[in-house]
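Me: I've got a model open and want to talk through how it holds together. Mind if I fire some questions at you?

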Amino acid sequence: MKPLSRRQRQVIVLAANGYTNAGIAHALGIHRCTVDRHFAEAYANLGARDRANAVALAYRRGDIGPDDIQATDHQPAAV
């Protein structure tokens, strides 16, 4: 498995925090299609089948950790 790029890691962290693809695009200042591409590449690098599996695999192999996931009482606003 290849390591995640900086941007792939960013989209995985935001997904782990409940952001939609549109919300991730807004947060990072990129187009939603670019978010889709980063996810596709991250899935390939991780051997993941979907975003939940990608988050779990990234967590398991240490690409993201507990400090990357915010414990909040509310979901981020959908953009």
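Me: Keep in mind it's a predicted model. Let's start with a pair in helix α3: which residue does R37 meet in a salt bridge?

Reply: The side chain of R37 has a partner at 3.4 Å, N to O. Both residues lie in helix α3, 4 residues apart, about one turn of the helix. The partner is E41.

Me: And are R37 and E41 buried, partly exposed or exposed?

Reply: Buried would need a relative accessible area under 20%, and exposed would need over 50%. R37 comes out at 42%, and E41 at 31%. Since both values fall between those cut-offs, R37 is partly exposed and E41 is likewise partly exposed.

Me: What about D36, which residue is its salt-bridge partner?

Reply: The closest N and O atoms of that pair are 3.1 Å apart, which is inside the 4 Å limit for a salt bridge. The two residues sit 4 residues apart in helix α3 (residues 32–46), so about one helical turn separates them. D36 is partly exposed at 29% relative accessible area, and its partner is partly exposed at 43%. That partner is R32.

Me: Now for D68: which residue does D68 bridge to, and how far apart in the chain are the two?

Reply: The closest N and O atoms in this bridge are 2.8 Å apart. It links distant parts of the chain, with D68 in the segment after α4 (51–60) and the partner in helix α1 (residues 6–16). The partner is partly exposed, with a relative accessible area of 31%. So D68 bridges to R9, with the two 59 residues apart.

Me: How many salt bridges does the count come to?

Reply: The ones we went through include D68 with R9, D36 with R32 and R37 with E41. By the 4 Å rule, the count comes to 4.

Me: On to the helices. Are α1 and α4 roughly parallel or roughly perpendicular?

Reply: Their axes are 10 Å apart and the packing angle is about 110 degrees. Angles from 65 to 115 degrees count as roughly perpendicular. Therefore α1 and α4 are roughly perpendicular to each other.

Me: Which residues make that contact, and how many are charged?

Reply: From α1 come I12, A15 and A16, and they meet R51, A54, V55 and A58 in α4. By class, the contact has 6 nonpolar residues and no polar ones. Arg counts as charged, so R51 fits that class. The charged count is 1.

Me: And α1 against α3, what is the angle there?

Reply: The axes of α1 and α3 run 9 Å apart. The pair is roughly perpendicular, a class that covers 65 to 115 degrees. The angle is about 100 degrees.

Me: How many polar residues does the contact of α1 with α3 have?

Reply: On the α1 side there are R7, Q8, V11, I12 and A15, and on the α3 side V35, H38, F39, E41, A42, N45 and L46. The class split gives 7 nonpolar and 2 charged residues. The polar count is 3.

Me: Zooming out, what pattern does the protein chain follow?

Reply: The secondary structure comes to 4 helices and 0 strands. Read along the sequence, the pattern is α-α-α-α.

Me: Last one: what share of the residues in the protein chain is buried?

Reply: The accessible surface comes to about 4900 Å², with 52% of it belonging to carbon and sulfur atoms. The chain has 79 residues, and the buried share is 33%.

Notes. Residues numbered from 1 in each chain as written. Predicted model: local features only at pLDDT ≥ 70, side-chain atom pairs only at ≥ 80, totals over all residues. Heavy atoms only, no water. Buried < 20%, exposed > 50% of the residue type's maximum accessible area, 1.4 Å probe, protein only. Axes fitted to C-alpha atoms, helices over the stretch in contact; angles between N-to-C directions. Parallel < 35°, antiparallel > 145°, perpendicular 65-115°, else oblique. Contact = heavy atoms within 4.5 Å. Areas by Shrake-Rupley, 256 points an atom, 1.4 Å probe, with all protein chains shown as cover.
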